[in-house]
Amino acid sequence: MRQKNIFKKEFLELTGCIHIHSEHSYDCEIPLAKIIKNAKQTELDFITINDHRNFGAKKDEVFLAEKDLCVIVGTEINDPENNNHLLVFNSEKIRENEDAVVYTKSYQAENAITFAAHPIEKRRSNKYRFYRWTDLENDNFNGLEIWNFLSSWIGKLMPKINGIFYVLCPAFFVRKPHREALNYWDKLNNEGKKRVAIGSIDAHTETIKILGKKIRIRCLIQIS
């Protein structure tokens, strides 16, 4: 936490990491204890855990015992086609096998806080599918990810051509938000809908194949 003076007004600046998956998620094997340790080493003020379709981290002994770091546990859900991923906070409900228009309105009705996760994604390699917000007219959320570290990293990954460089120097290949994502955000705000934009990490355990060998990448918080 940093105290700043801007135009003679005092502000507190909090630094955090949004959209992290832990061992409680089917697509990650990183223990919550290690995530929290890395967050403290990076001097973060808060992190959010968004494991897929569960709030398992809330029952983790490490979470229950943590006093210094603000750990916010939400979840991430999706539709039956595994699109329209939604980060959900301030709710205890896991909604499954529903279309996005149904669960976004349901969470909105109970005053949950929601963000459209990686609404605009692209891939150069067909080895990795992309997950998109398929109905751009459905804006029943509080905000959207206009940038996502993992999506940016994997977007131009082609294992046979650049895989080794992506593994050795991942941050070097991360790019700015897609113009389409910024245009979507602008469109919503120009219509008076006032949606918040966030940047996130989307930390998972990823597996890529380079030179015939599988390499498991454990994405931790190491970005300042």
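Contact here means heavy atoms within 4.5 Å. The model described is predicted. This briefing covers an open sheet of five strands, the helices α3 and α6 associated with that sheet, and a nonpolar surface patch that includes Met-1.

**Sheet architecture**
- The five strands of the open sheet follow the order β6-β7-β8-β9-β10, and their pairing is mixed.
- Strands β6 (75-77) and β10 (196-200) form the edges, each pairing on one side only.
- From one strand to the next, the twist averages 35 degrees.

**Pairing of β6 with β7**
- Three bridges join β6 to strand β7 (residues 86-89), and the pairing is antiparallel.
- Within this pair, Val-88 in β7 is the residue opposite Thr-75.

**Helices on the sheet**
- Helix α3 (residues 100-109) lies across three strands, β6, β7 and β8 (113-116), and runs at about 20 degrees to β7.
- Helix α6 (residues 179-190) also packs on the sheet, where it touches β9 (143-148) and β10.
- The direction of α6 makes about 160 degrees with that of β9.

**Nonpolar surface patch**
- Met-1 lies in the segment that precedes β1 (2-6).
- Met-1 counts as exposed because its relative accessibility is 59%, and the cut-off for exposed is over 50%.
- Together with Leu-12 and Leu-14, Met-1 forms a nonpolar patch on the surface.
- The accessible area of these three residues together is about 340 Å².

How values were computed: Residues numbered from 1 in each chain as written. Predicted model: local features only at pLDDT ≥ 70, side-chain atom pairs only at ≥ 80, totals over all residues. Heavy atoms only, no water. Patch = residues over 30% accessible without salt bridge, like charges linked within 9 Å, V, L, I, M, F, W, Y side chains within 5 Å. Areas by Shrake-Rupley, 256 points an atom, 1.4 Å probe, with all protein chains shown as cover. Salt bridge = Lys/Arg side-chain N within 4 Å of Asp/Glu carboxyl O. Helix = DSSP H or I, 4+ residues; strand = E, 2+ residues; numbered from the N terminus. Buried < 20%, exposed > 50% of the residue type's maximum accessible area, 1.4 Å probe, protein only. Pairing = 2+ DSSP bridges. Axes fitted to C-alpha atoms, helices over the stretch in contact; angles between N-to-C directions.
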